[in-house]
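Student: Could we go through this structure together? I would like to see how each label is justified.

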Amino acid sequence: MDSHYSLSRLILVSFCLLCFFAGDSSATRAGFFYTRHRGRCTPQYWSSRREAWPRMVPERSTVEKMFGVMVAKERWRSDLTLVESTARNDEEGNAYGALLKQGIAALLNSYARRSFSYAPWEVKTMLIQAMISEPAARRQAQKFKSANVACD
């Protein structure tokens, strides 16, 4: 009886550990097993100011100065700063908000991380090209997010 009890307990503990470690740590939905990814390349990391921003991308610079007047005027305030953009929480259901947030993080990573997937000019070009439609913005935001999460 005692060995049956300890075997059952071992199986239960093993199952719990398996469930805990099998969860996808990059999931964006908060919950018991799922938490937001807060690596060194995410928008949340850059908005926390734990690391100095690259000199080429001052945090108080505006979206208009970084990506151009036409891009900024089309979707965002003209005085929206880059640090405000990385701290935004409106990306759920807002493809353009997600594109801006992930795109700025990708731009910062392209300057600050040598091994990042994209060069700065590629990030700027892809962000501008993705502004043509909401589906394009959503797809590009997801690509930037994947690159940002993978860069750690």
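Student: What makes the passing of α6 and α8 a left-handed or a right-handed crossing?
Tutor: In this predicted model, α6 passes α8 in a left-handed crossing. That name applies because the near helix is turned anticlockwise from the far one by less than a right angle. The angle here is about 35°, and the axes of α6 (residues 95–112) and α8 (residues 134–150) lie 8 Å apart.

Student: Which residues of α6 meet α8?
Tutor: Among them are Ala95, Leu99, Gln102 and Ala106 in α6, which face a set in α8 including Ala137, Ala141 and Phe144. By class, this contact holds nine nonpolar, five polar and three charged residues.

Student: Why is serine 85 called buried?
Tutor: Its relative accessible area is 0%, and buried means under 20%, so serine 85 fits the term. Serine 85 sits in helix α5 (residues 82–86). Beyond residues up to four places away in sequence, serine 85 touches Val63, Leu80, Leu100, Lys101 and Ile104.

Student: And why is arginine 75 called partly exposed?
Tutor: Arginine 75 has a relative accessible area of 40%. Partly exposed lies between the 20% and 50% cut-offs, so the term fits arginine 75. This residue belongs to helix α4 (residues 69–75).

Student: What does arginine 75 contact, leaving aside its neighbours within four places in sequence?
Tutor: Arginine 75 is in contact with Tyr96 and Met131, those neighbours left aside. Tyr96 is also one of the α6 residues that meet α8. As for glycine 97, its C-alpha is 8.7 Å from that of arginine 75, with their positions 22 residues apart in sequence counted as separation.

Methods: Residues numbered from 1 in each chain as written. Predicted model: local features only at pLDDT ≥ 70, side-chain atom pairs only at ≥ 80, totals over all residues. Heavy atoms only, no water. Axes fitted to C-alpha atoms, helices over the stretch in contact; angles between N-to-C directions. Helix = DSSP H or I, 4+ residues; strand = E, 2+ residues; numbered from the N terminus. Contact = heavy atoms within 4.5 Å. Nonpolar A, V, L, I, M, F, W, Y, C, P; charged D, E, K, R; others polar. Buried < 20%, exposed > 50% of the residue type's maximum accessible area, 1.4 Å probe, protein only.
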